[in-house]
Amino acid sequence: MAGLKTASGDYIDASWELSVAVEELGPEAEPLTLRVTGDVHIGGIMLQIVDKIKVKQNWSDHALWWEQKKLWLLKTNWTVDKYGLQADARLRYTPQHKPVRLQLPNRRMIRVHASFSEPVFRAVAGICRVLSIRHAEELSLLRAPEEKDKKKRKGPALGTEDEFDLSGVVLPASAEQQPFRGMPAHFSDSPATEACYRMLSVSWTGLTPEHVLKMPRPSNLVEKAQINSRWLSSSRSLMQQDVRENEQLWLRFKYYSFFDLEPKYDAVRITQLYEQARWAVLLEETESTEEEMMVFAALQYHINKLSLSADPTEPAGEQGMDDLDSALSNLQVKLEGGTSTSDMLENLTAIPELNDYLRIFRPRKLTLKGYKQHWVVFKETSISYYKSREEALGEPVQQLNLKGCEVVPDVNISGQKFCIRLLVPSPEGMSEVYLRCEDEQQYARWMAGCRLAAKGRTMADSTYQSEVQNILSFLQLQRASPDAPAAPDAEAMGTQWLVSPRYQKKFKPKQLTPRILEAHQNVAQLSLTEAKMRFIQAWQSLPDFGISYFVVRFKGSRKDEILGIANNRLIRIDLAVGDVVKTWRYSNMRQWNVNWDIRQVAIEFDEHINVAFSSVSAGCNIVHEYIGGYIFLSTRSTDKGRGLDEELFYKLTGGHEAL
């Protein structure tokens with residue numbers, strides 16, 4: 001496209017020279033110089049580049065990257081003028097897909113090709129397709145911590161001994177992949193890819209206490225908050241966020257809202273979720289009591305034992321039929337509503353109530369802890385308590401509306417202590433009340449009612465009975481079996497790596513092994529998948545499960561505080577003592593927005609409650625994406641035909657970047 005030249009060799013038309021570096025020619029090669037005019041299309045420039053290089057290869061994945069603007073020029077029908085390219089633009093002709101090294105939830109390393117040109121949300125979906133993980137919207141990518149942030153370790157870090165390579169995998173064109181030899185077809189190509197599938201779907205059994213001790217673990221809420229500052233933005237591409245080829249990133253479950261976990265289809269997803277749960281417990285990212293830790297240790301011990309002989313390509317035998325039967329019965333219950341029409345009408349008019357004698361304690365300053373017995377009535381989402389049963393027709397001593405409250409278990413099985421700690425929102429902050437139950441049965445009924453009421457639901461809700469059963473089965477796991485026989489391989493396997501460093505220090509192996517084996521009696525009959533699912537459920541039962549922490553400064557406050565973001569609520573936490581100050585539920589949220597100039601998030605709740613804060617420990621966009629992400633996940637449908645509304649995700653999470 002030569003312009004007209006004068007006798008002195010100068011051009012007199014509107015063309016100019018554009019400089020393009022071509023990655024394939026190597027870092028030392030001189031950039032190509034192309035002569036262009038404003039009405040040339042981007043596609044035309046790419047054709048000129050390929051003509052000039054004279055290298056025969058497939059260039060279909062290549063595109064132009066504008067370095068100064070951090071912008072991919074992907075609209076090939078746009079002209080140079082439309083993009084606003086000038087002669088000083090530095091362009092690179094580079095592949096859109098590049099290899100990255102990912103540390104998975106199980107702490108193993110894998111190399112995959114990822115899209116550097118699409119938003120991270122879509123790039124993660126592509127990675128999850130290769131790894132056979134459904135519901136990729138629950139996961140995202142974090143930057144690996146800087147070397148200087150890591151504690152100095154001796155020997156190689158966990159999982160770096162062998163890196164699995166899936167960068168050459170080509171997925172079949174059809175979205176629905178048929179399994180081949182018991183695994184997704186693309187894993188059956190070679191012994192190396194088969195080994196990779198085993199790593200993804202079977203837990204690693206080679207852990208030692210040293211592995212656990214070597215891993216950096218947060219010692220306070222501020223350190224827990226720092227982890228969340230490293231999330232990549234889902235609305236921008238890897239290239240826009242300065243991620244380099246072969247850089248190490250972490251792939252993790254970001255949103256603690258796990259949709260449709262199905263053993264038949266989710267072998268990799270369940271294993272990786274179990275691994276993330278296991279490390280959260282071992283590294284004390286999620287707090288657990290001594291009894292709970294023994295249950296987690298027993299489940300790990302059981303999973304470890306079964307994993308040594310597990311073949312991920314073998315179907316789960318009769319389990320498959322059980323899954324089918326349970327799926328059909330679940331479907332039947334869903335279709336029929338589980339009840340006749342007359343029962344349903346009765347359920348709508350008669351909401352179940354609880355009333356019983358419980359011991360109640362309300363902590364006040366300068367008082368010793370003393371429980372008093374009261375007659376307590378639990379109706380809809382409120383608890384009222386009276387001095388005695390006879391006075392229940394009059395005015396209660398106090399009535400508490402549990403909607404939006406925090407419900408925290410305070411249980412010690414061996415000490416026969418079954419307490420429910422309620423932090424109830426009030427104009428002055430949170431008022432604290434302890435309910436002490438007589439036994440497990442009473443505790444399970446009241447605890448289930450409190451959890452539902454906190455979400456604004458009553459005991460007429462269809463999940464009430466299953467919630468009671470879940471609580472009882474978790475308590476059952478913590479109950480010791482007096483005649484637990486010693487397993488000969490327990491000592492050989494070692495038990496200290498099964499508990500967090502705090503309990504490694506507290507107990508000698510000789511004390512620890514009998515306790516873990518005692519707890520193991522309650523889980524010894526479980527299959528490998530059931531044990532992993534039970535571990536995930538037990539993790540979900542912990543009081544501070546699924547809370548992501550941020551250091552923030554609330555408007556009008558002079559000190560830093562902690563904001564906890566969970567799948568259904570926001571929690572204001574005192575930074576000094578770690579106590580919950582206030583809870584706000586998403587269901588009461590009317591709107592939220594971000595002032596990007598002053599980097600402040602403002603939220604309006606029902607009853608004209610306004611909350612505003614700026615983020616100290618992480619970018620404002622990360623906090624905004626967390627809140628929007630959870631609201632987006634709550635819109636997911638069980639209708640298999642309905643795909644994800646990706647545009648809605650960007651709208652809710654991307655802020656000004658999505659526009």
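Are Phe-378 and Trp-446 buried or exposed? Select the two residues in this predicted model, and you will find that both Phe-378 and Trp-446 are buried.

Next, extend the selection to helix α11, residues 440-454, which has 15 residues and reaches 21 Å from its first C-alpha to its last, close to the 21 Å expected at 1.5 Å a residue. Colour the helix by accessibility, and α11 turns out to be mostly covered, with 12 of its 15 residues buried; among them are Tyr-443, Trp-446, Met-447, Cys-450 and Leu-452.

The two ends of the helix deserve a look as well. At the N-terminal end of α11, Asp-439 acts as a cap, with a side-chain oxygen 3.3 Å from the backbone nitrogen of Gln-441. At the other side, α11 is followed by Gly-456, whose phi is positive, near 85°.

Now turn to the aromatic rings, of which the structure holds 31 pairs. Start with Trp-78 and Tyr-83, which form a tilted pair, 4.9 Å from centre to centre and with 50° between the planes. Trp-78 counts as partly exposed because its relative accessibility is 25%, whereas Tyr-83 counts as buried because its relative accessibility is 13%, the cut-off for buried being under 20%.

Return then to Phe-378 and Trp-446, which also form a tilted aromatic pair, with 5.8 Å between the centres and 45° between the planes. This pair links distant parts of the chain, since Phe-378 belongs to strand β14 (residues 372-379) and Trp-446 to helix α11, 68 residues apart.

For a gathering of rings, select Trp-231, Tyr-255, Phe-550, Tyr-586, Tyr-626 and Tyr-630, which together form one aromatic cluster. While Tyr-626 is still in view, add Lys-254, which lies over the face of Tyr-626 at 4.9 Å from the ring centre. Another charge over a ring can be found by selecting Arg-436, which lies over the face of Tyr-371 at 5.8 Å from the ring centre.

Finally, colour the whole chain by confidence: the pLDDT averages 84, and 84% of the residues score at least 70. Select residues 316-325, where the pLDDT is below 50 and where the stretch has two contacts in the model beyond near neighbours in sequence. Residues 484-488 also have a pLDDT below 50, and this stretch has seven contacts in the model beyond near neighbours in sequence.

Terms used
Residues are numbered from 1 along each chain as its sequence is written. This is a predicted model: local features need pLDDT of at least 70, side-chain atom pairs count only at pLDDT 80 or more; totals for chains, interfaces and linings use all residues. Side-chain values use heavy atoms; hydrogens and water are left out. Helices (H or I, at least four residues) and strands (E, at least two) are DSSP runs, numbered from the N terminus. The expected span of a helix is 1.5 Å times one less than its number of residues. Buried means under 20% relative accessible area, exposed over 50%, partly exposed in between (1.4 Å probe, protein chains only). A polar contact is a pair of N or O atoms within 3.5 Å; within protein, one must be able to donate a hydrogen and the other to accept it, and residues adjacent in sequence count only if both atoms are side-chain atoms. Rings of Phe, Tyr and Trp (its six-membered ring) pair if their centres lie within 6.5 Å; planes under 30 degrees apart count as stacked, over 60 as edge-to-face and the rest as tilted. A charge sits over a ring if NZ of Lys or CZ of Arg is within 6 Å of the ring centre and within 35 degrees of the ring normal. pLDDT is the predictor's confidence in each residue, from 0 to 100. Contact means heavy atoms within 4.5 Å.
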